[in-house]
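Please find below a note on the structure under review. It is arranged as numbered points, so that each may be checked against the sequence and the coordinates in turn.

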Amino acid sequence: MMQGEHISQEDLALYAMQALSPEEALAVRTHLAECALCRAELAELSGDLALVALSVEQHPMPEGARQRFLNRVSADSAATTQQAVELLAAQEAPRRATRTTAIWLPWAAVAALVIAVVSLNMKIASLKEQLSEQSSTALKLEAESSHAQQVLEVLTAPKAQRATLTASKVPAVPTGRAVYLADRGALVLQASNLEHLPEGKTYELWVVPANGASPIPAGLFRPDATGSASLVLPPLPKGIPAKAFAITIERAEGSSVPTAPIILSGAATGV
Ligand SMILES: [Zn+2]
């Protein structure tokens, strides 16, 4: 039991627990009385218990008690170790599996979410871009349309005041002003000081093509009480530049060819 000159830690512990045989305990006690080192060791091992162990007269354990105690410690230790091993194994196995699954699944879910969010954001951005393009186009169209609408409303409003400006002292004569965009086949005519027409008669506008083809009928109109009339965007073929415009008087249902005389005519500019 003696380790060299001093008492082994195991024996010191057993001594502190009063688990040594009387002979062993006596030897330890004798040594401790002389050895400060082992006392310090014992004090460290069992703290206050060491003081108790030193001060209290040790009595031998009842017959067999020490062995039972040692056996139980040994058995307990073994059982405890075995239990611990089993417990750890039992917990470790599912924990490992659980950890693998528990860690993998959230990451998979997170990855899927991230991908979904990213692709959604891209989709949203793309949609927003499209929407922005469309709405800006729509705004532009709306603005253009609104402007065109205002122009048309002013040109065609029955309440609009009209004047044909001429040199002084010249009596008001019938006049017409045509604006024509050949590319679009778009035409606006404004006429003033037109004579009233009898029932069953109408004014008819003609586009005289620059290429020498027959005059194209461009719409029927009758003047209001003041002699004013407008013809706005009549249906016309596109891409036919005009050499001139002319107005004739036709039957109410209109004509496909102009009937003389020509009431008003004018050469087109820019051809
Ligand atoms: Zn010693």
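The points below concern a predicted model and take up a metal site, a helix and some details of the backbone.

1. The zinc ion has four protein donor atoms, and each should be located in the model. They are ND1 of His6, NE2 of His31, SG of Cys35 and SG of Cys38. The donors lie 1.8 to 2.3 Å from the zinc ion.

2. The geometry of the zinc site deserves attention next. The angles subtended by the four donor atoms run from 94 to 125°. Four donors count as tetrahedral if all angles lie between 85 and 135 degrees, and the arrangement around the zinc ion is therefore tetrahedral.

3. Along the sequence, the donor residues of the zinc ion follow the spacing H-x24-H-x3-C-x2-C. Read against the list of donors, the pattern begins with His6 and continues through His31 and Cys35 to Cys38. Both cysteines, Cys35 and Cys38, are buried.

4. Helix H2 covers residues 22–34, which amounts to 13 residues. From its first C-alpha to its last, H2 reaches 19 Å, close to the 18 Å expected at 1.5 Å a residue.

5. Which residues of H2 are buried? They are Ala25, Val28, His31 and Leu32. Viewed down the axis of H2, these buried residues fall within an arc of 130°, so they line one face of the helix. His31 thus deserves a second look: this buried residue of H2 is also a donor to the zinc ion, through NE2.

6. The other side of H2 should be inspected as well. The face turned away from the buried side carries the exposed residues Glu23, Ala33 and Glu34.

7. A cis peptide bond is present between Ala260 and Pro261, with omega at about 5°. Pro261 belongs to the loop that runs between strand S8 (242–251) and strand S9 (262–267).

8. Asn193 is not a glycine, yet it has a positive phi of about 55°. This residue sits in the loop between strand S4 (186–192) and strand S5 (201–209). Asn193 is partly exposed, and its relative accessible area is 28%.

9. Leu233, likewise a residue other than glycine, has a positive phi near 50°. Its place is the loop between strand S7 (229–232) and S8. With a relative accessible area of 48%, Leu233 is partly exposed.

Methods
Residues are numbered from 1 along each chain as its sequence is written. This is a predicted model: local features need pLDDT of at least 70, side-chain atom pairs count only at pLDDT 80 or more; totals for chains, interfaces and linings use all residues. Side-chain values use heavy atoms; hydrogens and water are left out. Helices (H or I, at least four residues) and strands (E, at least two) are DSSP runs, numbered from the N terminus. The expected span of a helix is 1.5 Å times one less than its number of residues. Buried means under 20% relative accessible area, exposed over 50%, partly exposed in between (1.4 Å probe, protein chains only). The arc is that of the directions from the helix axis to the C-beta atoms. Donors are N, O and S atoms within 2.8 Å of the metal (3.2 Å for Na, K and Ca); water is not among the atoms, so sites may look incomplete. Four donors count as tetrahedral if all angles lie between 85 and 135 degrees; four count as square planar and six as octahedral if opposite donors are over 155 degrees apart and all others between 65 and 115; anything else is irregular.
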